[in-house]
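Reader: I should be grateful for a close look at one part of the structure shown here. Please set that part in the context of the whole.

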Amino acid sequence: MSMFGQVYVKDNKYKLKGEFHHLTPNTPIRDADDNWKLLGVTNPRDMTFIHSYGGEAIFFESLSQGKLMATRCDQDGCDSKGTIYIPFRTHCPDCLGKNSVIDLTDIAKTTAKVHTFMVCERSGAFNVLEKPIKFINIEFDGVATILMSYLSLGEPEFNMEVVPIFKTTGPTFTILDLSWVPKGTSESQLPEGFTF
Amino acid sequence: MIKFSKQQLKIPKLQRPVYLVTAGQSKFDRAFPDKRTEELCIDSFTMAAGLLDISPAELKKYIHTCYYGHFADHFGDQLLGESVIHDRLGLDPLGNVGVKTGGATGGSTMWEGMKAVASGYSDCVLVMGWERMDEVPTDEGNFLISCAADKDWESPLGHIYTGYYAVMAQRYWQIFGKSEDSFRRTLAEIAVKHHGYARFNPFAQAPMKITVDDVLNSPVVAYPLRALDCCLMSVGAACSILCDEDTADQLTKNSKNKPLRIWVSAGSHTLRPADRLDMDIPLLPNETPDQYKDLGERFPGGDRYPGFTGFLAARMAALYGYGMAGITDPTEDLDVVELHDAFTISDVQTYEDIGIRPYGYGREYVESGDCYHTNPNTGEPGKLPSNLSGGLIGCMHSVGATGIMQTYEIATHIWNRWDEIHGDDKLWKQYNREKPSDWTSLQVKDAKRGMAISHAGVGSHVTATILMDPDHLINKDD
């Protein structure tokens with residue numbers, strides 16, 4: 001069996017190993033109502049993209065270490081100085097100065113609550129979350145933005161107090177490594193691979 | 001953008017008046033196994049020429065530049081699709097450009113075309129949009145649509161765009177709808193209305209005679225949104241021709257089409273609702289500075305603006321557009337609108353963003369009957385009928401074409417040609433669709449002014465396209 005495409009960086013260049021695409025033959029599309037005349041063909045394609053997180057990489061790396069990072073504008077003279085952003089903004093949207101990276105884990109553990117939520121019965125292709133997906137949008141004390149994520153245990157409701165959990169075992173290094181559970185949940189109840 | 005400067009809030013001014021002289025569209029459907037995209041584009045262009053009583057070849061002689069709206073290259077699996085269409089329409093070597101702003105692509109394409117004429121660069125332009133959403137199954141289609149969300153922070157969460165809307169729906173329902181069943185039923189009425197109006201539209205993909213209970217019993221997609229609350233996934237094309245005054249007079253001299261004055265404006269907001277910072281509500285001409293001071297008391301939790309309950313981009317598009325066209329109160333000044341009903345909830349949100357109703361009171365537009373062709377409460381004409389085409393829920397959402405389809409529909413009302421086109425037996429037959437025995441005219445009597453709202457994502461881009469009979473302008477010296 002061929003190896004999935006894997007990438008590392010050496011000397012600031014991508015180094016590729018394995019298969020980045022898989023060949024599957026085209027097949028004809030025919031009209032069953034008109035003597036099976038040809039109408040078109042299928043075009044199978046299976047590709048692996050190579051995506052850089054750039055200045056946000058520290059956020060995704062930190063999830064696997066049980067930390068929730070955010071950014072803050074610390075530029076003197078900026079009207080938005082002190083504003084905290086999560087999702088990350090590498091640069092302040094006001095002055096465009098480089099933001100400082102800060103650790104928001106403790107604030108999240110003590111102040112996070114559900115701003116709004118949604119229970120999703122359907123998903124698009126390539127979804128890996130178990131359905132129904134319980135989307136939650138989370139507000140934090142002192143933070144200007146409202147983070148979108150998902151609840152792993154319990155039923156969401158407005159103003160519900162939640163705490164972050166992190167996929168520290170077998171991380172995917174995607175936003176799915178961050179999830180939330182109701183405040184008071186014990187470690188033994190957490191989904192496989194997740195820790196507080 | 002955190003704060004607005006005076007320069008940023010300047011009302012746009014066109015260098016010269018711009019006119020819409022004709023428009024056209026193809027049939028819309030979930031799939032066209034027997035037609036290439038360019039065939040659909042040619043269908044729409046041929047219709048536009050036909051409404052001017054000239055041949056496509058004659059119409060092409062006037063066109064100087066072309067603006068093409070096609071949102072999703074990955075859906076159609078064709079980069080530079082604009083070039084394919086341009087070539088097949090035989091419009092080389094004219095300059096052309098592709099426009100992409102998600103669900104607002106059609107409206108943004110109108111925006112670009114208008115500016116080309118207003119600036120004097122071109123005297124006549126083609127604005128055409130299309131989408132090919134039948135090259136993948138529906139779940140892969142949902143995945144591709146979800147790629148319009150932030151790919152690192154949002155899309156992996158279910159790969160389902162409906163979900164990203166549903167969190168807004170949930171918040172709106174709980175705060176402004178006060179979690180009332182009656183509000184949920186009002187949302188369902190919108191779906192009933194739009195699927196119902198689609199029954200009288202031969203272009204429409206999803207005509208249905210349904211009830212509120214049918215909507216409420218349809219499968220949950222992302223609670224509280226159900227299948228019948230959601231827009232369609234479509235294939236089809238639409239186009240319009242924009243001109244300066246002299247060209248407009250020439251092109252319409254033997255036609256029933258009257259040149260219509262057109263203004264298009266645009267607004268934007270963050271791709272991720274997560275990033276929407278709290279701010280004061282920018283006021284429209286029919287609102288007062290103290291109107292929203294106690295909004296949080298009337299609707300606890302409703303004082304965070306725009307939060308998850310309003311679309312700042314729509315408000316800004318309305319603010320610029322109303323300023324350009326002289327509109328002070330959309331309900332009083334306009335006769336018909338087509339709104340971007342991607343979901344029943346976003347339809348209600350938009351009523352408030354564009355000032356049809358104040359924030360918090362969007363549901364009244366439906367419950368009063370004002371949004372209907374014929375007010376069900378009074379039997380009289382609705383005060384400001386909306387989405388008589390069936391909208392995105394009943395007619396189509398062939399993304400790049402949607403904002404242009406809406407404009408086409410508004411124009412047919414102002415031209416007083418709605419019946420002629422939508423009631424045409426030959427067209428119903430040509431599209432292999434059965435004209436209902438109770439087919440009813442939805443022509444808005446004496447319509448002189450209308451507007452189409454085109455909207456992207458969860459509010460990242462919104463345009464307002466305003467059409468007026470030039471003999472019924474609001475700014476008389478315009």
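By class, how many nonpolar, polar and charged residues does the lining of the second largest pocket have?

Author: The lining of the second largest pocket comprises 21 nonpolar, 14 polar and four charged residues. In this division Ala, Val, Leu, Ile, Met, Phe, Trp, Tyr, Cys and Pro count as nonpolar, Asp, Glu, Lys and Arg as charged, and the others, Gly among them, as polar. The model is a predicted one, in which local features need pLDDT of at least 70 and side-chain atom pairs count only at pLDDT 80 or more, while totals for chains, interfaces and linings use all residues. Residues are numbered from 1 along each chain as its sequence is written, chains are lettered from A and ligands numbered from 1 in the order in which they are written, and side-chain values use heavy atoms, with hydrogens and water left out.

The volume of this pocket is about 820 Å³. Among its 39 lining residues, those closest to the centre are B:Asn142, B:Ile145, B:Cys231, B:Leu232 and B:Met233. A pocket here is an open set of points on a 1 Å grid over the protein atoms alone, where a 1.4 Å probe fits, with protein on both sides within 12 Å along at least five of seven lines; lining residues have an atom within 4 Å of a point. Grid points are joined across faces, edges and corners, and the volume is the space filled by probe spheres set on the points.

Two helices of chain B, α6 (138–146) and α7 (161–175), each supply at least two residues of this lining. The greatest contribution is that of α6(B), with four residues. Helices (H or I, at least four residues) and strands (E, at least two) are DSSP runs, numbered from the N terminus.

B:Asn142 itself belongs to helix α6 of chain B. With a relative accessible area of 18%, B:Asn142 is buried; buried means under 20% relative accessible area, exposed over 50%, and partly exposed in between (1.4 Å probe, protein chains only). Neighbours within four places in sequence aside, B:Asn142 is in contact (heavy atoms within 4.5 Å) with A:Gly124, B:His159, B:Ile160 and B:Met233.

The contact between B:Asn142 and A:Gly124 leads to the interface of the two chains. There, 40 residues of chain B are in contact with 44 residues of chain A. Together the chains bury about 3,600 Å², 64% of it on carbon and sulfur atoms; buried area is the accessible area (1.4 Å probe) that two parts lose on being put together, summed over both. Of the area that chain B buries against chain A, 21% comes from B:Asp152, B:Trp153 and B:Leu157, more than from any other three residues.

B:Trp153 also appears among the contacts of A:Phe59, which, leaving aside neighbours within four places in sequence, touches A:Leu68, A:Met69, A:Ile86, A:Phe88, A:Ile175 and B:Trp153. A:Phe59 is one of the residues that touch the most other members of the largest nonpolar core, which has 155 residues; the others are A:Leu68, A:Ile86, A:Phe135, A:Phe140, A:Trp180 and B:Leu242. Such a core is a set of buried Ala, Val, Leu, Ile, Met, Phe, Trp, Tyr and Cys residues joined through side-chain atoms within 4.5 Å. Helix α12 (residues 312–325) of chain B gives this core its largest share, eleven residues. Another core, separate from the first, has 27 residues, including B:Val21, B:Ala48, B:Met128 and B:Ala237.

The core residue A:Ile86 is joined to A:Pro87 by a cis peptide bond, with omega near 15°. A:Pro87 is in the loop between β8 (84–85) and β9 (100–103) of chain A. The bond between A:Lys131 and A:Pro132 is cis as well, with omega about -5°, and A:Pro132 sits in the loop between β10 (113–120) and β11 (133–139) of chain A.

Enclosed space may be set beside the pocket. The structure holds four cavities of 30 Å³ or more, a cavity being a set of grid points where the 1.4 Å probe fits but cannot get out. The largest cavity has a volume of about 50 Å³, and its lining divides into five nonpolar, two polar and one charged residue. B:Phe176, B:Arg304 and B:Tyr359 are among the residues that line the largest cavity.

Finally, helix α14 (residues 344–353) of chain B is largely enclosed by the rest of the structure, because ten of its ten residues are buried. After α14(B) comes B:Gly355, with a positive phi near 85°.
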